[in-house]
Amino acid sequence: MAGNGPLAGVRVVELAGIGPGPFAAMLLADLGADVVRIDRPNGAGLAIKPAYDITNRNKRSVVIDLKGENGPATVLDLVERADILIEGYRPGVAERLGVGPEQCHARNPRLVYGRMTGWGQEGPLAQRAGHDVTYIAVTGALGMIGKPDEPPTIPANLVGDYAGGSLYLVVGVLAALQHARATGEGQIVDAAIVDGTAHLSAMIHGMMAAGGWQDRRGANLLDGGCPFYGNYETADGGYMAVGALEQQFYEEFVALLGIAEQAPARKDLARWGELKDAITAQFKTRTREEWTAVFEGSDACVAPVLSLREAPDHPHLKERGTFVEHSGITQPAPAPRFSVTPGSVRSAPALPGAHTDEVARDWGVDGLVAVDSLVEDDEKEQG
């Protein structure tokens, strides 16, 4: 079920997991790849009904018991016909199940074998359990987010799982795919969330080395310490986001806010507290909707802070089609956009085992057997 995106014709085998692995496979599927998700008979452990798991859109699903007699052989039959494999087990688990890199490359030397874990394939913590918050904690990323007098703010699982994990895995497997097509040589891509998250902080480390960033929360230009880069409450309990960093944007901001005459000089760091108090007090004089109207059409770099349910109705996002409706679910549209080979939401989240017959036909694999139902499993083998 390949789409018409730039990855049309690319075949991907995804060994079912939770979090960053499925999201990475969804991104490949959104871009047109034919992604076959191999679900386990007892489920992958995510507490969400499969029909609502958007990370499984644009995929097809078969159920294979990797601990069963013919399970590994059936997976290897699919691997022989694939370009990419994605797995998110703890190090060594895929090998014990008979579908590790050595076994897979013996059947398909051109295969790109993508490994998604939190700690990576090596190191003292490689065999330990973890989740997004623990991975980003040790990289320094978590410690820099939030107010100085409060615990660090948890940024959902966006920074670790998806930014430091999924996106780096996708970059890695596509780069390795290019290499495989040029040379005929497949390889292993070790995508660790700790590595990707640390890599994301490259600019901050540079600023810190240059003396332009303090190693503490709420004291810097981009972490809420700067009065003209932050969030401010409005009269109705809403919030406005302010990012007026450059001089010309700042001047427009304070003019429209109505504090240009009394605001301290923006470069006077000793008076940043006074400036923040003035901005805070002024924003509380009107509602979020009123302030949105004030800054509409300006270059003041101010925007309303919307909820997840509100975001799809924002005029700009609505006109661009940033969100789409499919299968009764409002969801983000595929990104990025391509002028010649656009991605699209082609199908609803794949229900476990729903595509056994068509995958067997399209991939030419005879050993696939339909399984009627799944139940929840634990997450002990997740990386």
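Which residue lies over the face of tryptophan 291? In this predicted model, that place goes to arginine 286, at 4.9 Å from the ring centre. Tryptophan 291 itself counts as buried, with a relative accessibility of just 1%.

The aromatic side of the story is a busy one. Searching the whole structure turns up ten aromatic pairs. In one of them, phenylalanine 283 meets tryptophan 291 edge-to-face, with 5.2 Å centre to centre and 70° between the planes. Phenylalanine 283 also pairs with phenylalanine 295, this time in a tilted arrangement: the centres are 6.3 Å apart and the planes make an angle of 35°. Since phenylalanine 283 belongs to helix α10 (residues 272-283) and phenylalanine 295 to helix α11 (residues 288-295), this pair ties together parts that are twelve residues apart in sequence. Phenylalanine 283 comes out as buried, at 0% relative accessible area, and phenylalanine 295 is buried too, at 4%. Zooming out a bit, ring pairs link these residues into a cluster made up of Tyr232, Phe253, Phe283, Trp291 and Phe295.

Another arginine sits over a ring elsewhere: the charged end of arginine 266 is placed over tyrosine 250, 5.4 Å from the centre of that ring.

As for the surface, Met203, Leu221, Leu222 and Tyr229 make up a nonpolar patch of about 330 Å². Tyrosine 229 is part of strand β7, which covers residues 229-233. With a relative accessible area of 31%, tyrosine 229 is classed as partly exposed; that value qualifies for the patch because membership calls for over 30%.

Definitions and conventions. Residues are numbered from 1 along each chain as its sequence is written. This is a predicted model: local features need pLDDT of at least 70, side-chain atom pairs count only at pLDDT 80 or more; totals for chains, interfaces and linings use all residues. Side-chain values use heavy atoms; hydrogens and water are left out. Patches are made of residues with over 30% relative accessible area and no salt bridge: like charges are joined within 9 Å, nonpolar side chains (Val, Leu, Ile, Met, Phe, Trp, Tyr) within 5 Å. Accessible areas come from the Shrake-Rupley method with a 1.4 Å probe; for residues, only the protein chains shown count as cover. A salt bridge is a side-chain nitrogen of Lys or Arg within 4 Å of a carboxyl oxygen of Asp or Glu. Helices (H or I, at least four residues) and strands (E, at least two) are DSSP runs, numbered from the N terminus. Buried means under 20% relative accessible area, exposed over 50%, partly exposed in between (1.4 Å probe, protein chains only). Rings of Phe, Tyr and Trp (its six-membered ring) pair if their centres lie within 6.5 Å; planes under 30 degrees apart count as stacked, over 60 as edge-to-face and the rest as tilted. A charge sits over a ring if NZ of Lys or CZ of Arg is within 6 Å of the ring centre and within 35 degrees of the ring normal.
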